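Notebook open, structure loaded. I'm jotting down what I look up as I go.

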Amino acid sequence: MIRSVVRGFGAALPKRVLTNREMEDIVETNDEWIVQRTGIRQRYIAGEGETTASLGEAAARAALDRAKLTPADIDMIIVATSTPDNTFPATAVNIQARLGMHHGFAFDVQAVCTGFVYAVATADAYIRGGLARRALVIGAETFSRILDWTDRTTCVLFGDGAGALVLEAAEGKGTIADRGVLTANLRSDGAHRDKLYVDGGPSTTGTVGHLRMEGREVFKHAVGMVTDVIEGAFNATGTTADDLDWLVPHQANRRIIDGSARKLGIPLEKVVVTVDLHGNTSAASIPLAIATAAGDGRIKEGDLVMLEAMGGGFTWGAVLLRW
Ligand code: ACO
């Protein structure tokens with residue numbers, strides 16, 4: 001049975017750090033409010049020349065280096081993003097060109113903060129279906145460019161960055177002891193589409209628009225949705241929270257992360273948290289968190305790892321994999 005095994009990981013952040021203290025000069029806010037409500041202490045903001053594609057390329061190159069591979073070894077690129085360099089072509093083909101690749105195929109996935117979970121699930125399905133052997137799965141965002149910098153209820157929450165995984169087809173026995181993606185559980189419900197959205201687009205206003213959010217509404221749904229898909233992933237594989245080595249949640253908000261872990265009975269020592277350093281980087285947050293925890297040796301070969309996210313749409317989902 002074919003499994004999609006993680007062969008490499010990488011991350012990239014813009015040069016500029018914007019601290020909560022510096023935020024106080026931009027909008028009426030303060031460090032204490034932001035830390036208490038969200039756990040965020042700083043975020044990275046893309047500067048001149050830094051774009052979703054340039055950050056995604058840097059993360060992809062880091063993942064290839066770690067895997068000891070080159071672009072010639074890759075046959076599929078999937079980029080999860082809601083902040084593409086252009087409306088089209090896809091940021092994935094931009095990155096393909098930057099990597100000097102003329103072979104294979106590349107496309108974007110748009111599921112907002114759940115984008116990376118959707119992208120891993122998509123890459124896994126393509127690999128198991130025999131359409132690709134090695135995939136670069138990238139989450140890359142520049143949310144700073146769609147924020148309303150006069151709206152304190154949203155602009156303090158988000159940041160920019162990118163992360164990437166190399167997934168590779170490998171023969172497994174078809175048990176949960178196999179390395180690779182074990183299951184994916186994806187959901188969406190468009191009834192919630194106006195609770196977190198961008199108020200512009202090519203087919204409506206002809207503008208890029210700004211992010212708008214009913215924060216309390218998002219918060220109200222987040223923990224229930226996330227724990228639901230995680231429990232689904234446990235049930236599908238006959239595993240439980242006790243078997244888990246690491247929970248790598250989407251990094252939106254410390255209170256959502258802690259609430260979800262508590263509800264599932266997952267001790268906080270097993271939860272990877274980077275929201276304090278990166279803010280909410282949407283589709284980039286999970287691969288950035290993976291690169292942090294695998295880079296410092298916490299996530300090791302053989303570990304059982306749950307990725308989970310919830311975001312605009314609403315979309316939500318979980319992927320269970322053996323590292
Ligand atoms: N600084 C200081 N005060 C602020 C700020 C700020 N940046 N933003 C809002 N306030 C004020 C409000 O104006 C309000 O004041 P008032 O009582 O005088 O009217 C007060 O703080 C409380 O505002 P609420 O919106 O009720 O604050 P809440 O406790 O709900 O926290 C937050 C807001 C952090 C956005 C919370 O709702 C939340 O975490 N929501 C989840 C949203 C999220 O994480 N979205 C990310 C995208 S989706 C995803 O990735 C899962």
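**Overall build**

I started with burial: 53% of the 323 residues in the protein are buried. My cut-offs, using C-beta atoms placed from the backbone, are 20 or more other C-beta atoms within 10 Å for buried, 12 or fewer for exposed, and partly exposed in between. Note to self: this is a predicted model, where local features need pLDDT of at least 70, side-chain atom pairs count only at pLDDT 80 or more, and totals for chains, interfaces and linings use all residues. Residues are numbered from 1 along each chain as its sequence is written.

Next I pulled the secondary structure, which comes to ten helices and 13 strands. These are DSSP runs numbered from the N terminus: helices are H or I with at least four residues, strands are E with at least two. The radius of gyration is 18 Å, close to the 20 Å the globule rule gives for 323 residues, so the protein is as compact as a globular protein of that length. For the record, that radius is taken over C-alpha atoms, and the rule is 2.2 Å times the number of residues to the power 0.38. Along the principal axes, the C-alpha atoms fill a box of roughly 55 × 45 × 40 Å.

I also checked contact range. Of the contacts between residues at least 6 apart in sequence, 76% join residues at least 24 apart. A contact here is two C-beta atoms, placed from the backbone, within 7 Å.

**Domains and core**

The domain assignment gives domain 1 (2-171) and domain 2 (180-322); such bounds come from an automatic or database assignment. Their contact takes 48 residues from domain 1 and 45 residues from domain 2. On the domain 1 side, I find β1 (2-12), β3 (42-45), α5, β6 (134-142), α6 and β7 (160-171) each supplying at least two residues. The C-alpha centres of the two domains lie 14 Å apart.

Where does the largest nonpolar core lie? I looked up its members: there are 109 residues, and A59, A63, I78, V137, I138 and V248 touch the most other members. Domain 1 and domain 2 both give residues to this core, so it lies between them. By nonpolar core I mean buried Ala, Val, Leu, Ile, Met, Phe, Trp, Tyr and Cys residues joined through C-beta atoms within 7 Å. I followed A63 outward: setting aside neighbours within four places in sequence, A63 is in contact with G8, F9, G10, L136, A164, L165 and V166.

**Annotated site**

UniProt's unreviewed entry lists C113, H250 and N280 under "active site". The three are spread over 168 residues of sequence, yet they cluster in space, with a largest C-alpha distance of 8.7 Å. I'm keeping in mind that UniProt annotations may be inferred rather than shown by experiment; feature names are shortened and positions use the numbering here.

C113 is found in the loop between β5 (105-109) and α5 (115-128). C113 counts as buried because 33 other C-beta atoms lie within 10 Å. Beyond four places in sequence, C113 has contacts that include H250, A252, S282 and A283.

N280 is in the loop between α9 (275-278) and α10 (285-295). N280 is buried too, with 23 other C-beta atoms within 10 Å. Among the contacts of N280 outside its four-place neighbourhood are L157, F158, G159 and A252.

**Ligand shell**

Which residues come nearest to the ligand? Of the 22 around the ligand, I get T29, C113, G215, F219 and A252; near means a C-beta atom, placed from the backbone, within 6 Å. α2 (31-38), α6 (152-155), α7 (215-237) and β12 (304-311) each supply at least two shell residues. α7 gives the most, with five residues.

**Two spot checks**

Is E217, which sits in helix α7, buried or partly exposed? I count 14 C-beta neighbours inside 10 Å, so E217 is partly exposed. E217 and L196 are 21 residues apart along the chain, with their C-alpha atoms separated by 9.0 Å.

N86 lies in the loop between β4 (76-80) and α4 (91-98). N86 has 11 C-beta neighbours inside 10 Å, so I logged N86 as exposed. A53 is 33 residues from N86 along the chain, and their C-alpha atoms are separated by 9.7 Å.
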